Amino acid sequence: MTKEAIHPLSKTVIIVGAGFYGSVLAERFANDLNWRVLLIEKRNHIGGNCWSCPDPDTGIDVHVYGPHIFHTHRERVWKYINRFTAFNNYRHTVWATRKGKVYPLPFGLAAINLLLGKRLSPAEAQAWVQAEVDKEAITDPQNLEEKALSLIGRTLYEAFVKEYTEKHWGRLATELPAYIITRLPVRYNYNLGYYNDPWEGIPVDGYGRLFERMLKHPNIEIQLNTDFCDIRSSLPAHDLLIYSGPIDQYFDYKHGRLGWRSVRFEREVLDMNDFQGTSVMNECDGSVPHTRTHEFKHFTPERSFDRTVIFRETSFEPKPGDDVYYPVRAEADMAIRAKYQEEAAREHTKVVFGGRLGAYAYFDMDDSIGTALDKYDELKRKLTSSADA
Ligand SMILES: Cc1cc2nc3c(=O)[nH]c(=O)nc-3n(C[C@H](O)[C@H](O)[C@H](O)COP(=O)(O)OP(=O)(O)OC[C@H]3O[C@@H](n4cnc5c(N)ncnc54)[C@H](O)[C@@H]3O)c2cc1C
């Protein structure tokens, strides 16, 4: 057999960030193109924000950076991810506490009827919401509050959206831009499923094992605890760089810092079988400092544990160096992002930017995986056609 026929490891890609975006590309370059991959990750583990691992006290698989429910409508992503894990039958529901009472979200017949103490039919509930919206008479909403009122009216907005949103973003709803909300779907039925996607579940042995399987390949070298910024001047020789860290950081913040909102989690182990009876409870009252409470054992109802572990999630304004979670995407941020994107376009032959931090966008997991697979197809086409030429 000639050397060419066994595709010698002649090329190297350096990938920054071991979240889904970076890990999918690492797996594809190693398995499909037989490239050598150097995966650089600043944390002490792979998996990015989707990482999960067994809680040291209870053994329950905890999602270290907040609850992650896998759901997708993309068949390609579903087939791809199932190569590395099986999923359980978990179906996500969200409940919300408000003034001592519990309601199911998103807004549907159950929440409306519980709130009003009535038994409205689907048509009656729809007419009630429409009347609430008409009362506001807002045609050109100027801020988040006006946008929400124009979509669902005042009663639902004040009960479930206003205080929660203000806690989450740390600003008054009248100071937040309208575009943060594109829609506030109201379901006129008793379907409590949070997602509408055909595929949903939690990896049976956790996200941690999923990532370990994905990245287990002799061509993939993983360098943890390594910040790209600290080693960028001494990178080993490479043919391509894929960067899924923050785009403003890559360009040394020369056009300014992009705005993000962060969350922190307070962990508590409880000597009881079940704390709240569900995985995620939203806290709608402004007087409660945290936004949500997560109880991870409910993600794996097929497993049993004597004790439980909960995380209380609180939002805060990050300082430089803090982990970032939700892009603010205010007008000023988007203007800064456009400048970085222009710079990135000039580097496109050497560096590929992607993932939620590289794109400065909110991605669900299937968006990160889907965009990585699409990017891989595009790169493979270019790389193999330039090699053929
Ligand atoms: C609280 C919360 C809950 C969520 N829940 C869901 C959910 O239920 N379902 C769902 O589909 N999605 C959910 N998501 C979205 C999900 O987390 C993202 O889709 C996913 O993390 C994106 O993967 P990524 O690879 O783009 O980014 P990340 O997972 O953030 O990975 C980027 C990696 O790059 C590393 N990095 C950054 N800078 C550097 C550097 N300079 N040098 C080296 N490494 C660096 C980071 O440490 C990180 O590991 C949630 C997000 C949040 C914030």
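Which backbone N or O atom lies 2.7 Å from an oxygen atom of the ligand? I looked this up at the start and found that the atom belongs to Met365.

**Ground rules.** I note that this is a predicted model, in which local features need pLDDT of at least 70 and side-chain atom pairs count only at pLDDT 80 or more, while totals for chains, interfaces and linings use all residues. I number residues from 1 along each chain as its sequence is written, and side-chain values use heavy atoms, with hydrogens and water left out.

**Ligand contacts.** For polar contacts I took pairs of N or O atoms within 3.5 Å; within protein, one must be able to donate a hydrogen and the other to accept it, and residues adjacent in sequence count only if both atoms are side-chain atoms. Besides Met365, I recorded a polar side-chain atom of Ser368 at 3.0 Å from an oxygen atom of the ligand, and a polar backbone atom of Lys42 at 3.1 Å from a nitrogen atom of the ligand. The ligand taken alone exposes 1,000 Å², of which the protein buries 97% (Shrake-Rupley method, 1.4 Å probe; for residues, only the protein chains shown count as cover).

**The shell.** I counted a residue as near if one of its heavy atoms lies within 4 Å, and 36 residues surround the ligand, with Glu41, His68, Arg356, Phe363 and Met365 coming nearest. I then asked which helices each supply at least two residues of this shell, and found helix 1 (20-31), helix 10 (355-359) and helix 11 (365-388). The largest share, three residues, comes from helix 10.

**The chain as a whole.** I find 11 helices and 16 strands, these being DSSP runs numbered from the N terminus (helices H or I, at least four residues; strands E, at least two). The radius of gyration is 23 Å, close to the 21 Å that the globule rule gives for 389 residues, so the chain is as compact as a globular protein of that length; the radius is taken over C-alpha atoms, and the rule is 2.2 Å times the number of residues to the power 0.38. Along its principal axes the C-alpha trace spans about 75 × 50 × 40 Å.

**Tyr207.** I placed Tyr207 in helix 6 (residues 206-214) and found it buried, with a relative accessible area of 0%, where buried means under 20%, exposed over 50%, and partly exposed in between (1.4 Å probe, protein chains only). The C-alpha atoms of Tyr207 and His45 are separated by 12 Å, although these residues stand 162 residues apart along the chain.
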